[in-house]
Amino acid sequence: MTVVEVDTPGGRYPIHIGPGRLDALDQSIPADATAIAVVTNPTVAALYGERVEAALARTGRRVLRIELPDGESHKDWQTLNLIFDALLTHRLDRRAVLVALGGGVIGDMTGFAAAVYMRGIRFVQVPTTLLAQVDSSVGGKTAVNHPLGKNMVGAFYQPVAVEIDTDVLGTLPAREVSAGLAEVIKYGLILDAEFWGWCETNAAALRALDPAALAHAIRRSCELKAQVVGKDERESGLRAILNLGHTFGHAIESGLGYGEWLHGEAVGCGMVQAAELSAQVAGFPRADVARVRDLVHAIGCPTVAPDLGADRWLALMQVDKKTEGGEIRFVLMPRIGQAVTRAAPLDAVRDVLARTVQ
């Protein structure tokens, strides 16, 4: 097992990474917990529900299961209320602990529920997708979607632990693996040129779920995210660079309808578009734009964006959380391993859209 520590003003907690962590979940439950509620979906529950509940039962606490509908299209207020309905029906108090067992949708909604139920209770992240393991489960971002924008209603709220069981990745569809790898290579692009080069070399091994390659990728991704979150928990500055590709990607998700493309697929394509925009306005080398496109393709993500119409694209990007005073701000790269957040001229954005949309 590998341990990565996250240290933020909102809390310090460990990320445990290794095989078999589902069977050790009782170790992450605070000793004074009065009850445990596992929030999951039917797909994940069928695979791991009983095993997780058996591990948590060793705490001697009551264990409740809450199953939510599966998919990004259900990441909304109506589904969030199902968690509150169950917690109140079963009279869970302020010392109860939520366990988010699932991918990014489950993690985000469980974290948001924990942040606001009785004004804040504790929760543990148990991510079961690669994307959630390397990104959404770490750093305390929680949210639900709004019809006008993705993740527009939420809170920064840190878990008490993140439990990453690398064994669960063997059950993922290939498309989910590719979506998770988009977030992995993102860390190299914005923070670590050496890691980026390693990803280029090991793309095939990562897609094939090679245990050694995955272990390194997950650990390094968590280390890099922990460094950024520790310096800027609430995204007042530095943390915004973690959104590379997300301004374009969120527009794809909103424009097509949540769930049509996986989040990581949209981010992967968005990184290609961000690389093109970086070449146009931030001096990013053209040869490196090709490297970004080639690696996004190599991990199995789309490199051509859907045609939403230029005006619709711009309208959707205006809703992005980095927009300030009506000015769309993007994460751009002067070079591989370095990123900045800044506005870009609309004519440059339109030109990129013309060249990357089909």
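A disulfide is a pair of cysteine sulfur atoms within 2.5 Å. Keep in mind that this is a predicted model, where local features need pLDDT of at least 70, side-chain atom pairs count only at pLDDT 80 or more, and totals for chains, interfaces and linings use all residues. Residues are numbered from 1 along each chain as its sequence is written, and side-chain values use heavy atoms, with hydrogens and water left out.

**Exercise 1.** Work out how many disulfides the structure holds.

*Solution.* Start with Cys199: the closest cysteine sulfur belongs to Cys301 and is 13 Å away, so that's too far for a bond. Next, try Cys301: its nearest cysteine sulfur, in Cys269, is 9.1 Å off, and Cys301 is in no disulfide. The count for the structure is zero.

**Exercise 2.** Find out how the rings of Phe195 and Trp198 are arranged.

*Solution.* Rings of Phe, Tyr and Trp (its six-membered ring) pair if their centres lie within 6.5 Å; planes under 30 degrees apart are stacked, over 60 edge-to-face, and the rest tilted. Here the centres are 5.8 Å apart and the planes sit at 10 degrees, so the pair is stacked. Both residues belong to helix H6 (residues 193-207), three residues apart, or about one helical turn; a helix here is a DSSP run of H or I with at least four residues, numbered from the N terminus.

**Exercise 3.** Decide whether Phe195 is buried or exposed, and do likewise for Trp198.

*Solution.* Buried means under 20% relative accessible area, exposed over 50%, partly exposed in between (1.4 Å probe, protein chains only). Phe195 has 3%, so it's buried. Trp198 has 22%, so it's partly exposed.

Conventions. Helices (H or I, at least four residues) and strands (E, at least two) are DSSP runs, numbered from the N terminus.
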